[in-house]
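This report walks through one structure in short steps. Look at the sequence and the model first, then read on.

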Amino acid sequence: MKRLLPLYVIAIYAFLHVPLLILCGFSFNSSKFTVWEGFSLVWYEAMWNDGALAEATLNSLVIAVVSTVVATAVGTLGAYGLWKKNSRLLSGSMYLSLVTPEIITGIAMLATFQWAFRYLHLQLGMTTVILAHVTFSMAYVLLVVMARLRTADPALEEAALDLGATEWQAFRLVTLPMLKPGIAAAALLAFTVSFDDYVITALVAGVDSETLPMVLYAMARRGANPVVSAISTVIFVGLGLLIVVSERLQKA
Amino acid sequence: MMRLRAFFLLPAWAFTLLLFLAPMGIIVVYSLQTKGVYGGVGEPWTFENYVRLFDPLYGVILLRSFAMAGAATFGCLVLAFPLALYISRSGTRKTLLLNLVMLPFWTSFLVRTYAWMFLLRDTGLINSMLFGMGLINEPLPLLYNDGAVVVGLIYGYLPFAVLPLYSNLERLDKGLLEAAADLGAKPWEAMLHVVLPLTAPGMRAAGVLVFIPSLGAYLTPDLLGGGKSMMIGNLVQNQFTSARDWPFGSALSLGLMAVVMLLLWALLRRDGEEML
């Protein structure tokens, strides 16, 4: 058993990483088929020249940045509020969206938007997508910031209040600085779940708000397309850089 | 003066209420109504949609969803347990090895699913290689079946199984294994009678954390199963789009939610809340 276990472990790591490595590798293949014919950047060129793709990527970035900023702010304040007065009903209903299958969250939001449009002069588009993204990424922010707050010492704030700080000052000057690494990690998570989401987004998106995952999905459905491999590689590298940069920033 | 903390909670509560709880409420209302002629929703009020959940026509899809989620859960546990055991005994390399498990998790779920389409499709890598080696004349039907979906689910949710098992094994008292060895147990006996029973809470948590997203999966069966290997999630989507039967789709969603809540409740009741 002692000798078999490492082999087994190596096999699992291969299972986790080899499919993605192969996908990235073949994005540099000059052939359209899955037979290696030589190194080439044609698929990256095709990706670069695809106008619809660029527009979808821009949409995805705008949505991810806006919803990350809002979800991080709202989620951090919410986590602090829950920390001060933990109500199981409140926290339970806020965490519920984490375990709800995405397709259910998506159709429920769609039904709500459609119902609200009877009374509001609006339609599905960037606004509805951003509202949906804030809602589901906020739950992740709550989870991460709450985990950080659980290790915090409430006595610190009490000391600040005893010394004459207002509630706001105690939050702003004592707790918030302590939470910074947690908030950064939460924001990173919020960004990735927003940038990556397909199921909910596709349901609540309108004609002007096609996102990168929606374009990828359509391409993947249509059949083998090396451009998808090229985009995937770019997403890996981009997210990898984002993680490295945020780790650096947290340490600095 | 109203306490400040109420204001802190207000925005988060507003989003939860207006964009999560209210939508769920609307789904509850729709599930009790009747589909209109043009696909709308209206009166009369009825329980008919819930009765239809037990229609054999849909029963096949529901049963298959449970079977596939069960298979994915079993696969994840079998793969994750030795891995978590190995990591928990790796000393200084623990963080690195855990991060390597989590790494694919940071990349797009869509891309991870596409990677398997790339490997499994008729003109995919596996078939091309077998063809190139002269082992097959016709491509093997690897994609668009239940097996492909289960592999995709295992691939997608394996980290959910590794983390709780790891934290369980990490806390395991090493002295117990030494005691078992001193008392004459062979390593596999100690594993079977000491380690496995003590990791039952980790197994339960891992099982539920994999089963829940697998049962509600939409993208994996959609892309890897094609039209042939539908799961509940696809049926729900179908009711809201092409079938335009929102009341039945709503009843299906709530049935799925009930299973999810029941599983979570059972887990929390048994193993406490601190683990989540």
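The buried residues of α10(A) are covered by parts that include α3 (51-84), α8 (167-196), α9 (199-204) and α11 (226-251) of chain A, together with α5 (109-120) and α11 (219-224) of chain B. Contact here means heavy atoms within 4.5 Å. Helices (H or I, at least four residues) are DSSP runs, numbered from the N terminus. Helix α10 of chain A spans residues 212-222, and 8 of its 11 residues are buried. Buried means under 20% relative accessible area, exposed over 50%, and partly exposed in between (1.4 Å probe, protein chains only). Among the buried residues are A:L212, A:P213, A:Y217 and A:A220. Just after the helix, A:G223 takes a positive phi of about 130°.

The model is predicted: local features need pLDDT of at least 70, side-chain atom pairs count only at pLDDT 80 or more, and totals for chains, interfaces and linings use all residues. Residues are numbered from 1 along each chain as its sequence is written, chains are lettered from A and ligands numbered from 1 in the order in which they are written, and side-chain values use heavy atoms, with hydrogens and water left out.

Now the interface. Chain B and chain A bury about 6,900 Å² between them, 80% of it on carbon and sulfur atoms. Buried area is the accessible area (1.4 Å probe) that two parts lose on being put together, summed over both. In chain B, B:F8, B:W106 and B:Y114 lose the most area to chain A, together 11% of what that side buries. Each chain's share of the contact is 74 residues.

How many salt bridges join chain B and chain A? The count is 1. B:D222 pairs with A:R221, and their closest N and O atoms are 3.1 Å apart. A salt bridge is a side-chain nitrogen of Lys or Arg within 4 Å of a carboxyl oxygen of Asp or Glu. Helix α1 (residues 4-31) of chain B gives the most to the side of chain B that touches chain A, with 18 residues.

Two single residues follow.

| Residue | Helix | Relative accessible area |
|---|---|---|
| B:N127 | α6 (residues 125-132) of chain B | 2%, buried |
| A:R148 | α6 (residues 126-150) of chain A | 35%, partly exposed |

Leaving aside neighbours within four places in sequence, B:N127 is in contact with residues including B:L120, B:D122 and B:L142. On the same basis, A:R148 is in contact with A:M178, A:L179, A:P181 and A:G182. The C-alpha atoms of A:R148 and A:I183 are separated by 8.8 Å.
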